[in-house]
Amino acid sequence: MMIPSYAPGAGALLPPRAHLADDPGVLSLDGTWNFAYHRTDPDPFVNVEQPWDEPDLTPEADHIDVPSHWVLRGEGRFGRPAYTNVDFPFPVDPPFPPDANPVGDYRRDFELPEAWRGGIVALRFDGVESQASVWVNGTWVGMARGSRLAHEFDVTKVVRPGTNTLTVRVHQFSPGSYLEDQDQWWLPGIFRSVSLRHLAPGTLEDLWVDTDYAAGTGYVTIEARVRGALDEFVSAYLTIEGLGVRACTLRRGADGRYRSDRLEAGAVRPWSADDPALYDARVVVEGKEGLAGGERSLRIGFRRVAIAGGILRANGEPLTLNGVNRHEVRADEGRVFDEEWARADLALMKSMGVNAIRTSHYPPHPRLLDLADEIGLWVMLEGDIETHGFEGTGEWIDNPSDDPRWADAYLDRTARAFERDKNHPSIFCWSLGNESGTGANLVACARWLRERTRGEAIIHYESDHAMEYADIYSRMYPTLEEVAAVLDDSDPHAPVAVPTHVAARVDNAARERIRRAPYLLCEYLHAMGTGPGGVAGYAAQMSHPRHAGGFVWEWRDHALWRTLGDGRRALSYGGDFGEEVHDGNFVCDGLIDARSRPYAGTWAWVAAFAPDAPALAQTLADQGAKDEEERLRALAQAPILPAECEDGVCPYALDSRGRVVRIGDLPVSVELSVFRAPTDNDCGRGPVDYWGIGEEDLGELGVGRGEHGTSHAMRWERARLHLLRRRLVSIAGDERSQCVVERWAPPAAQFGLTLTWEFKPVRVGERGVLGLSASARVRPFGAWPERVPRLGVRIRLQGSSWEASWLGDTLIGYPDMRVPGARGFGHANVGDLWDVCVRPQEGGHRPDLEALRLRGEAGDVLVLPGSPLGWSACPWNERELAGASHWEELPDSDRLFLWLDAFQDGIGTRSCGPDARPEWGARMRETDMTFVIAQIRGDFTPEC
């Protein structure tokens, strides 16, 4: 039978230590390994906590590169990636993994350096998902769990001079998987580096240069583990760039670590995200009898982060975090680290005004933290713990967080995260993990961190809703009213959360603690699909001194490349690799896409939180093409004069049913549109739902309807807004003016619109182009849905390869998602006008159009609005977009659809947050729309 196992590891594991770049002896084992893949565990009943037989790898074994994920190699021969958000992809039967548990066996040889004599030889794994069992020269060394954590094995007694053989069996799922339900792809394999380390006697095997800052002066405390040292004292020298050398004595503690007193370093520049001042430091420990002298070099920063009076402060000043949640993912290589790519990733953040990252939901590659130190980003370092799949409907049945059998695993993960990364000045707080309920094991982790740091660690954990062991009150996706309530201390016992949230049930003592603590949004403004909307309201609240800011969810889409049958590559999400249990495109919820391109809503966020960001300035910069801009402005300012059809030539034509079928000699169609391809937020089903809710009564703390389960998109589909039908009522008029009355309504509906068109020939400028003046008078009847996607007209043009020049908002925007100052002249190919989220959806609206010129193979079209209109253009109509799950599914198009909208619904963040607020909601109402549309023949400037 299968033996239950809860241990974090077994065998010759060494204590965790700091990641130091200058280990004195390092042999990289990265490269090509022999590899055998098993679809299921060949040895499911083995006790992996005890020595067992090394797996056999046949001569026919494949090869694989390390580091990598095996599901991203072999074109499916080694399985496929799988994505889930909350649900485990296997039965919840802790601690047992499923029967369908893929296994990868790795093997390679290495040559032990002859100079490695004395001390120990450590075998280091920087990241293996999810369980590694290790053999050296056929002898079992041990087992490790904790996928995003470093593990070292003492292999001194099993290595030998010359050639050695290393074998690793990796299980995709293990007991550790129950602690790693982290809203990301399940990507097994040895995905970070493997190396051998030689730690000779006297080596500083671990070092913590603990810095502090006050009143212009830097301070240092040194803590070290010295290989082989047993004396009560050792002598040390600390050299800091520009600050000289300090001699000190380190005293041995009961834990075997040597510590100095607090040393004054002198006048220093404090480290901050705005000024990431780093100093080169060197620590030398004098050798004693039988020990060589130990020496280490590293970069340090002086800063003090503390909570005083409920305010999070850095170097004495209030700290406001304009942060993002950052998963570690690349579209081609998953979680395999690439330093050049990571540097560019962080540089893009900085260019957008980001000053902090939360390492959701695990420690990143250690070099990323070096880059954060250097570039200047505050870091919330999150532990490798998430048990979200136990939540159910709120019961948290069998949750490991409160099960003593998992206690060692929790503490091991917490200790490994801290010890590896303790030297980084960028880390301002330690997060215990994410969405794991609460319980004694998390309390113990918080206690360990406080004891380890002598009470200095700032501890974060969002699910500690009663603030029993965290230092910061943290929330995900609150309403504006909830934020205001927490920051308002006039009534310390007032509610702090909407009734549907578990935080609403905390007692008065907890509410008092909450209102004495810094407030942080560890996740907010869920950036999935077109969005996020409503950013300005959250930005305005962050001026409160107790508001420590927040981390947008999230920085980057997790889409992975997939090769299609025709050889094209497509960005893919949950379900695209054939997995039966998945959460679709919920994995694509970034401010930037998988190719590092910012989404449209990102600019509204940057404008609200970092209006001086260089990337925003560049985006808003003059697009050039002065001649084209001048011509378009002349057209926009030209008088619109009455005209008549001359010699039987009219600038437009209607068919016998009163439909516009031609503008100039260009075939067109003009129809009413009240539907849009639902955005991911339109499809959201969270409880903060403002459907049918007015601005005057948003419910308790802005909860709205407080009902989970029904999205706006579902309501619009039930109302059949996508199936709007036309009925001609009447046609009247002559060649100078024609009136067409239409009724539009969905099938089976007793509501609709009466649309009265007035069509007139006009001239743009005294000797300018002839065109059509179209006025649409919209009058609704019956009981319309409480909110509608849009109201506008859709104009179909023939041909492809269109380009647009326009005056108005240059960036995509919606009622609750606009960039102030994004006004002027724009020019782009039509293919670049749409926000191309991974799943096709509404995403091209630009408000407040002044003038538009479209040029393509089929012709040249001018549009001049006479009433407030927004516009968008796309080769596919709204129903085609709504019916596609990927852009690659859409057929080649020889059409262009142009929408002129009187209004659109807000965007919000209901994909995993509050709905678009009522003030941004689109409600069907009486509306008048007027515009001129004309075919331009030749390049001309009208005479006024």
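This is a short presentation of one protein structure, which is a predicted model.

Good morning, colleagues. I will begin with the overall form. The secondary structure of this protein amounts to 12 helices and 52 strands. Its radius of gyration is 32 Å, close to the 30 Å that the globule rule gives for 944 residues, so the protein is as compact as a globular protein of that length. The C-alpha trace spans about 110 × 65 × 55 Å along the principal axes. Of the 944 residues, 62% count as buried. Turning to contacts between residues at least 6 apart in sequence, 75% of them join residues at least 24 apart.

Let me now turn to one sheet. What is the order of its strands? The sheet is open, has 8 strands, and runs β31-β30-β29-β28-β27-β34-β33-β32, with parallel pairing. Its edges are formed by β31, residues 459-460, and β32, residues 473-476, each of which pairs on one side only. As general background, strands of a sheet pair through backbone hydrogen bonds, in either a parallel or an antiparallel arrangement.

At the β31 edge, the partner is β30, residues 427-431, and the two strands pair in the parallel sense over 2 bridges. Within that pairing, W430 stands opposite I459 of β31.

Towards the other edge, a helix meets the sheet. Helix α5, residues 480-487, lies across β32, β33 (519-524) and β34 (547-552). Relative to β33, helix α5 runs at about 160 degrees.

I move next to helix α3, residues 407-421. From its first C-alpha to its last, this helix of 15 residues reaches 22 Å, close to the 21 Å expected at 1.5 Å a residue. Is α3 enclosed or exposed? Because 12 of its 15 residues are buried, α3 is largely enclosed by the rest of the structure. Among the buried residues are the charged positions D412, R413, R416, E419, R420 and D421. The buried set also includes Y410 and F418, together with A409, A415 and A417.

The loop between β29 (378-382) and α3 contains I397. With a relative accessible area of 55%, I397 is exposed, as that value lies over 50%. The C-alpha atoms of I397 and A277 are separated by 47 Å, with these positions 120 residues apart along the chain.

Finally, the cysteines. How many disulfides does a search of the whole structure find? That search returns 1 disulfide. The bond joins C645 to C650, with an S to S distance of 2.2 Å. Both partners lie under the 20% limit for burial: C645 has a relative accessibility of 14%, and C650 has a relative accessible area of 18%.

Why does C429 form no disulfide with its closest cysteine? The closest cysteine sulfur, in C522, is 10 Å from that of C429, which is too far for a bond. C429 counts as buried, at 0% relative accessibility. A similar account holds for C837, where the closest cysteine sulfur belongs to C588 and is 9.2 Å away, too far for a bond. C837 is buried as well, with a relative accessible area of 3%.

To summarise, I have described an open sheet of 8 strands with parallel pairing, a helix α3 that is largely enclosed by the rest of the structure, and a disulfide between C645 and C650. Thank you for your attention.

How values were computed
Residues numbered from 1 in each chain as written. Predicted model: local features only at pLDDT ≥ 70, side-chain atom pairs only at ≥ 80, totals over all residues. Heavy atoms only, no water. Pairing = 2+ DSSP bridges. Helix = DSSP H or I, 4+ residues; strand = E, 2+ residues; numbered from the N terminus. Contact = heavy atoms within 4.5 Å. Axes fitted to C-alpha atoms, helices over the stretch in contact; angles between N-to-C directions. Expected span 1.5 Å × (residues − 1). Buried < 20%, exposed > 50% of the residue type's maximum accessible area, 1.4 Å probe, protein only. Disulfide = S-S within 2.5 Å. Rg over C-alpha atoms; globule rule 2.2 N^0.38 Å.
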